[in-house]
Amino acid sequence: MGAPRPAHRHQHRPGPRHTRRRPGRALTAIARRQHEHRQRTADRLTTVLDSGLLPAELAEMGLYYRAKAYKDLSQNQAAREGMQQVADSGGRYAPRALRGLANLARLAGDFPTALAAVPTLGWKGRHHRVLGDIRWSQADTAAAVTAFEAGRAEAEQHGAVGERAMMQVRLALAVSFADPDRADDELALAHQLLDGLDQRSNTLLAQVVALIKDAGTHGVSDRAQSLHNDIEAAGLPFLHRFVELAIAFHYAVRDEHQDLAAVIGRLHELTASGDFAYFVDIAHFMADLALPNPSAIRWTESEEHVRSAWRRKVQARQEHLRTEA
């Protein structure tokens, strides 16, 4: 009889293979985030993060992109906790997390805190993008355009084609409220830069820009409803607020106050968590309506200054449409 075979030869050892699979799953979840509902991305990343088997740098990446998914899903408390954890780590993704925290402060209507963070962010924290988002929200078109143009130029210097496209979409957004003719050109360039990129949220935001530049004309409401459907399918609920803000601008330009009241009601529901609640204030400012209650929003300028700036945008569009007629 031959010698007995070593018992270990046919033993199944799943541990190493299982461990190797975890990084692959994390990277797959991150890579697929532009092609699936953000809740699916968050769930995938939670599974691999909870395994505890990821290397430190990949775990940091997973935490950051899960926090981004939470932000897109409007689960902003979870997003803040994740961004803070990544920022505290001081690792490769810490500058991005600091940007995320500044953006979350803005979303909560704390503009001074967001603005104070800008000088600390630098290129890695996309300082120009953060500044531009603060400025357009307060109807300061010139400052927003300057910031987004600087961000686009910086992205070009670093060969960051995705960031360049994102800056161009935001530039078009800022311009769309103030200058629909220029917005046509900026939007055309945005679509050119987005071509071939997996940037679903920015592609949808570009469609919002098209609504804003056409505000006051026929067919905008029907296009908005179709866009709502696309946003829901994409799992990007934060963009619903942008569509409603575009429609608020449209109805304010047309002096259709009953329809505007309905939009403001929807914005109240969409911002019940407190994030993007400043959109409700802006909708009132556009039509020069009094706020029903004192606002919790902290602007970098006085509330009256921001109200007047948004109202002037509406009046300028009304004059533009009268001239075009």
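**Salt bridges, aromatic pairs and backbone of a predicted model**

Q: Which residues are linked with D184 and K213 in a network of salt bridges?
A: In this predicted model, D184 and K213 belong to a network of salt bridges with two further residues. The side chains of these two also meet in a salt bridge, at 3.0 Å from N to O. The residues linked with D184 and K213 are D214 and R223.

Q: Is R223 buried, partly exposed or exposed?
A: R223 has a relative accessibility of 34%. Buried requires under 20% and exposed over 50%, so this value falls in the class between them. R223 is therefore partly exposed.

Q: How many salt bridges does the count give?
A: The rule requires a side-chain nitrogen of Lys or Arg within 4 Å of a carboxyl oxygen of Asp or Glu. One pair that meets this rule is E163 with R129, at 2.5 Å from N to O. By this rule the number of salt bridges is 16.

Q: How many residues apart in sequence are the parts that E163 and R129 tie together?
A: The side chains of E163 and R129 meet in a salt bridge. E163 belongs to helix α9 (residues 161-178), whereas R129 belongs to helix α7 (residues 127-137), so the pair ties together parts whose separation in sequence is 34 residues.

The partners are also both buried.

Q: Which helices hold E149 and R182?
A: A salt bridge of 3.2 Å, N to O, joins the side chains of E149 and R182. The pair links distant parts of the chain, 33 residues apart. E149 is partly exposed at 32% relative accessible area, and R182 is partly exposed at 29%. The helices are α8 (residues 141-157) for E149 and, for R182, α10 (residues 180-194).

Q: Which residues form a negative surface patch with D185?
A: D185 lies in helix α10. Its relative accessibility is 58%, so D185 counts as exposed. The residues that form the negative surface patch with D185 are D179, D181 and E324.

Q: What is the angle between the planes of Y64 and Y93?
A: The structure holds 18 aromatic pairs. One of them joins Y64 and Y93, with 5.6 Å from centre to centre and a tilted arrangement. Y64 lies in helix α3 (residues 56-72) and Y93 in the loop between α4 (76-89) and α5 (94-107), so the pair ties together parts 29 residues apart in sequence. The angle between the planes is 35 degrees.

Q: Are Y64 and Y93 buried or exposed?
A: The cut-off for burial is under 20% relative accessible area. Y64 stands at 2% and Y93 at 4%. Both values therefore fall under the cut-off, and Y64 and Y93 are buried.

Q: Which Trp residues belong to the cluster linked by ring pairs?
A: Ring pairs link a cluster that includes F111, F177, F238 and Y278. The Trp residues in this cluster are W136, W299 and W310.

Q: How far apart in space are L171 and E186, C-alpha to C-alpha?
A: L171 is placed in helix α9 and is buried, at 0% relative accessibility. In sequence, L171 and E186 are 15 residues apart. Their C-alpha to C-alpha distance is 7.3 Å.

Q: What is phi of D288 near?
A: D288 is found in the loop between α15 (278-286) and α16 (303-324), and is partly exposed at 47% relative accessible area. Phi of D288 has a positive value in a residue other than glycine. The angle is near 55 degrees.

Terms used: Residues are numbered from 1 along each chain as its sequence is written. This is a predicted model: local features need pLDDT of at least 70, side-chain atom pairs count only at pLDDT 80 or more; totals for chains, interfaces and linings use all residues. Side-chain values use heavy atoms; hydrogens and water are left out. Helices (H or I, at least four residues) and strands (E, at least two) are DSSP runs, numbered from the N terminus. Buried means under 20% relative accessible area, exposed over 50%, partly exposed in between (1.4 Å probe, protein chains only). Patches are made of residues with over 30% relative accessible area and no salt bridge: like charges are joined within 9 Å, nonpolar side chains (Val, Leu, Ile, Met, Phe, Trp, Tyr) within 5 Å. Accessible areas come from the Shrake-Rupley method with a 1.4 Å probe; for residues, only the protein chains shown count as cover. Lys and Arg count as positive and Asp and Glu as negative; His and the chain ends are not counted. The place of a charge is taken as NZ of Lys, CZ of Arg, CG of Asp or CD of Glu. Rings of Phe, Tyr and Trp (its six-membered ring) pair if their centres lie within 6.5 Å; planes under 30 degrees apart count as stacked, over 60 as edge-to-face and the rest as tilted.
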